[in-house]
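Open the model in your viewer and keep the selection panel at hand. The tour goes from one helix pair to a sheet, then out to the whole chain.

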Amino acid sequence: MEKILVLDFGGQYNQLIARKVREQQVYAEIKPYNTITPEEIKSAGYKGVIFTGGPNSVYDETSPHFDPAVLDIGVPILGICYGAQLMAYMAGGEITAAENSSEYGKTTVAVSEDILFKGVPAESICWMSHTDFIKTPPAGFRVTARSAKCPCAAMCDETRRLYAVQFHPEVTHSVYGVQMLRNFLFEICGCAGDWRIDDFLERSISKYHSELAGKKVLLALSGGVDSSVAAVLLHKAIGQNLVCVFVDHGLLRKNEGDFVERTFREKFGMNLIRVNAGDRFLAKLAGVTEPERKRKIIGEEFIRVFEDEAKKLGKINVLAQGTIYPDVVESGRGDSAVIKSHHNVGGLPDVISFDEIVEPLRELFKDEVRQTGERLGIPHELVWRQPFPGPGLAVRITGEITREKLDILREADAIFREEVANAGAESMTDQYFAVLTDQFSVGVMGDARTYGRTVVLRAVTTDDFMTAEWTRLPYELIEKASNRITNEIKGVTRVVYDVTSKPPATIEWE
Ligand code: XMP
């Protein structure tokens, strides 16, 4: 299978580069720069290498460097931003950080005749984000693009098929960025562009069919996209030897547990064990109000319940997990500050032993997981469902978690989602839900005074969930949802709309 290596020097757009390459039907994988040698790159048969950007300066001793032998192994290379400077540095060029030389944002770049710029106009907008730049290209290279502040915005050595761009072609603001990436893949590396998700699916099913033959495989199904797709894929490969344990912690949305059970047991005929552990979780959560504590308790209890079920099943050979590519890439990095301890259903139990772990989706990005899910016939509403946190509604209830509060929240959330759907506003927002607070306030119903809880409606717009803006949902929709929530749910007197972005707030409340 033809593939491209994205050699990771710590840039923020590395996953984006790999995705953009895969969108051209060329398989791309990301590897940290210090995990592979030029010899290994050559023998792995990569059709090309992309050096990513990175936050460093090449002359810093601590900056990531790479063995310059890579320039002579005969595999085409495209250096982007830091990757471009590194290529220049490795080949003997000069990098500098002149005063006022920083460029950030949309920048006009003028290109000259070069195969990398085939089909690109003489001037176009590219996305720049740099302080250093290449002052003198190395011997054997010629300058192929310039901007007002950057005398060498691109360079190449056609003989060795080495190309470098100071800007970021992978970012949508670079208007002809895709064209440039295509030129690199198809004109320079000679890729055929024949990678298809269907091939991945067929290959995986037949691989697991033989590798897992006769083995018992256990999977923690959450009803989320990743574990669902992993489950159906493995079910296709090994049938009833796959046992799915669905731990219903009682913190799911309205009717969600039944939907998951129906889908996997009835539609797919899977070997599914549903554990209704709501009471167990509620007992553990009684009296607990501190958000991190709640998260920890739920995460730990989840593992305990899962272990209890697994033990009943006797010897299990393999544990399957719905890990996807961004998890793999991100877990290869140092931890950033813990804002919230994220619990992902399917965490590793420590009491049961397995001979093996399989992660059938570890090569795929989220959108590719969704495509795979569609191909496997998983219902659209499940494949495209908005993210739902592992600890469920517990992170949407302030203060203690009680059955009564869960019931109120489930109804409020269902009404809100229904009204978003009625207004056809699902595509306006990336995640939307209700939150139940402990704030009581005075209301009036008929002639009587009431004193009830406050429900918060939250909707956010985001690409990556790391930052988010509150969504400007239509007032009429919010009004309808508010009216219905106060009218239909006993104990709620007030509905408010959350107009905080992330940062400073997080998306979930707890
Ligand atoms: P925050 O609240 O951190 O949420 O801004 C960012 C995104 O992550 C989801 N989220 C979780 N997902 N386990 C998950 O699998 C968790 O513990 C968890 N906490 C938050 C949240 O719904 C949002 O999409």
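**First stop: a helix crossing**

α6 passes α11 in a left-handed crossing. Keep in mind throughout that this is a predicted model.

Select Val225, Asp226, Val229 and Leu233 on α6, then Lys366, Val369, Arg370, Thr372 and Gly373 on α11: these residues make the contact. By class, the residues of this contact divide into four nonpolar, two polar and three charged.

Now look at the geometry. The axes of α6 and α11 come within 10 Å and cross at roughly 45°. That angle makes α6 oblique to α11.

**Second stop: α11 and its cover**

Select residues 366-375, which form helix α11. Which residues of α11 are buried? Colour Glu368, Val369, Arg370, Thr372 and Gly373. Val369, Arg370, Thr372 and Gly373 are also on the α11 side of the contact with α6.

Next, show what lies over these buried positions. The cover includes α1 (14-23), α5 (197-211), α6 (225-238) and α12 (380-383).

Step just past the end of α11 and pick Gly377. Gly377 takes a positive phi of about 80°.

**Third stop: a five-stranded sheet**

Move to the open sheet with strand order β14-β13-β12-β15-β16. Its five strands pair in parallel. Which strands stand at the edges? Select β14 (271-276) and β16 (356-358). Each has a single partner strand, so one side of each is left without a neighbour in the sheet. Turn the view to follow the twist: direction ignored, neighbouring strands are turned by 25° against each other on average.

Zoom in on β14 and add β13, residues 242-248. The two strands run parallel and are joined by six bridges. For one residue pair to inspect, select Phe246 and its bridge partner in β14, Arg274.

Then add helix α7, residues 256-267. Helix α7 packs on the sheet and touches β13 and β14. The direction of α7 makes about 165° with that of β14.

**Last stop: the whole chain**

Clear the selection and zoom out. How many helices and strands does the protein chain have? There are 14 helices and 20 strands. The C-alpha trace spans about 85 × 60 × 40 Å along its principal axes.

Colour by burial: 55% of the 510 residues count as buried. Finally, consider contacts with a separation of 6 or more in the protein chain. Residues 24 or more positions apart account for 75% of them.

Technical notes: Residues are numbered from 1 along each chain as its sequence is written. This is a predicted model: local features need pLDDT of at least 70, side-chain atom pairs count only at pLDDT 80 or more; totals for chains, interfaces and linings use all residues. Side-chain values use heavy atoms; hydrogens and water are left out. Buried means under 20% relative accessible area, exposed over 50%, partly exposed in between (1.4 Å probe, protein chains only). Helices (H or I, at least four residues) and strands (E, at least two) are DSSP runs, numbered from the N terminus. Contact means heavy atoms within 4.5 Å. Axes are lines fitted to C-alpha atoms, for helices over the stretch in contact, and angles run from 0 to 180 degrees between N-to-C directions. Angles under 35 degrees count as roughly parallel, over 145 as roughly antiparallel, 65 to 115 as roughly perpendicular and the rest as oblique. A crossing is left-handed if the near helix is turned anticlockwise from the far one by less than a right angle, and right-handed if clockwise. Ala, Val, Leu, Ile, Met, Phe, Trp, Tyr, Cys and Pro count as nonpolar, Asp, Glu, Lys and Arg as charged, and the others, Gly among them, as polar. Two strands pair if DSSP finds at least two bridges between them.
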